[in-house]
Amino acid sequence: MNLRERANAMKVILPAIFIALQRKDTPIAAKVAAALTVGYALSPIDIIPDFIPVLGYLDDIIILPVLAGLTIKLIPPDIMTACTMEAQSLWQEGRPKRWFYAIPIVALWVIMITIILEKIMGLIN
């Protein structure tokens with residue numbers, strides 16, 4: 001599987017992990033791993049900042065798939081299969097069917113930028 005195919009697979013795997021996180025029948029250890037995986041995927045903060053050439057994207061290419069793989073191993077296969085099928089239905093022609101799924105991500109970014117700006121403004125005054 002080449003890099004593009006893996007990236008496309010992540011479009012289904014990450015939403016499936018998020019769906020599994022919300023299910024009541026997902027084991028606690030799997031929920032913790034799922035929360036870490038989804039949190040890392042959505043976090044604007046990386047271990048290695050993306051502006052560093054080559055190395056900046058290595059953490060996204062290595063860490064995120066490792067976290068996803070660990071999470072998938074902890075989720076029972078029948079739950080993961082159901083979540084994957086549900087996640088596949090969210091995509092249409094390579095794009096999300098519903099744009100409003102991006103609202104939590106945009107809200108997270110706005111909150112973080114607001115907090116950072118407040119801290120900076122507090123230091124200036």
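Helices here are DSSP runs of H or I with at least four residues, strands are E runs of at least two, and both are numbered from the N terminus.

**Figure 1. The whole chain, read from one end to the other, goes α-α-α-α-β-β-α.** That comes to five helices and two strands. This is a predicted model, so to speak of a local feature we ask for pLDDT of at least 70, side-chain atom pairs count only at pLDDT 80 or more, and totals for chains, interfaces and linings use all residues. Residues are numbered from 1 along each chain as its sequence is written, and side-chain values use heavy atoms, with hydrogens and water left out. Of the 125 residues in the protein, 22% are buried, where buried means under 20% relative accessible area, exposed means over 50%, and partly exposed is what falls in between (1.4 Å probe, protein chains only). The accessible surface is about 9000 Å², and carbon and sulfur atoms own 71% of that; areas come from the Shrake-Rupley method with a 1.4 Å probe, and for residues only the protein chains shown count as cover. Take the contacts with a separation of 6 or more: 63% of them join residues 24 or more positions apart. A contact here means heavy atoms within 4.5 Å.

**Figure 2. Thr26 sits in the loop between α1 (3–22) and α2 (28–42).** Loop or not, Thr26 is buried, at a relative accessible area of 4%. A polar atom of its side chain comes 2.6 Å from the backbone oxygen of Ala20. That makes a polar contact, meaning a pair of N or O atoms within 3.5 Å; within protein, one must be able to donate a hydrogen and the other to accept it, and residues adjacent in sequence count only if both atoms are side-chain atoms. Setting aside residues up to four places away in sequence, Thr26 touches Ala20, Lys31 and Ile79.

**Figure 3. Arg23 and Asp25 pair up through their side chains in a salt bridge.** The N to O distance is 2.7 Å, and a search of the whole structure finds one salt bridge. The term asks for a side-chain nitrogen of Lys or Arg within 4 Å of a carboxyl oxygen of Asp or Glu. Side chains of opposite charge can pair when their charged atoms come close. Asp25 is partly exposed at 43% relative accessible area, and Arg23 is also partly exposed, at 26%.

**Figure 4. Helix α2 has buried residues at Ala30, Ala33, Ala34, Thr37, Val38 and Tyr40.** Looking down the axis of α2, these buried residues fall within an arc of 160 degrees, so they line one face of the helix. The arc is that of the directions from the helix axis to the C-beta atoms. On the other side of α2, Ile28 and Leu36 are exposed. As for length, the 15 residues of α2 should span 21 Å at 1.5 Å a residue, and the end C-alpha atoms are 21 Å apart, which agrees. The expected span is 1.5 Å times one less than the number of residues in the helix.

**Figure 5. Zooming in on α2, here are Thr37, Ala34 and Val32.** Thr37 is buried with a relative accessible area of 0%. Leaving out neighbours within four places in sequence, Thr37 is in contact with Leu14, Ile17, Leu64, Leu67, Ala68 and Thr71. Ala34 counts as buried at 1% relative accessibility, and with the same kind of neighbours left out (within four places), Ala34 is in contact with Ile17, Leu21 and Thr71. Its C-alpha atom is 9.7 Å from that of Ala16, 18 residues away along the chain. Val32, by contrast, is partly exposed at 48%, and its C-alpha atom is 8.2 Å from that of Leu21, eleven residues away along the chain.

**Figure 6. Helix α3 (residues 55–74) buries Gly56, Asp59, Leu64, Leu67, Ala68 and Thr71.** Down the axis of α3, the buried residues fall within an arc of 120 degrees, so they line one face of the helix. Val66 and Lys73 are exposed on the face turned away from that buried side. The 20 residues of α3 should span 28 Å at 1.5 Å a residue; the end C-alpha atoms are 29 Å apart, which agrees.

**Figure 7. Met112 lies in helix α5 (residues 103–124).** Met112 is partly exposed, with a relative accessible area of 23%. Not counting residues up to four places away in sequence, Met112 touches Pro44 and Ile45. Met112 and Pro44 are 68 residues apart in sequence but 8.8 Å apart in space, C-alpha to C-alpha.
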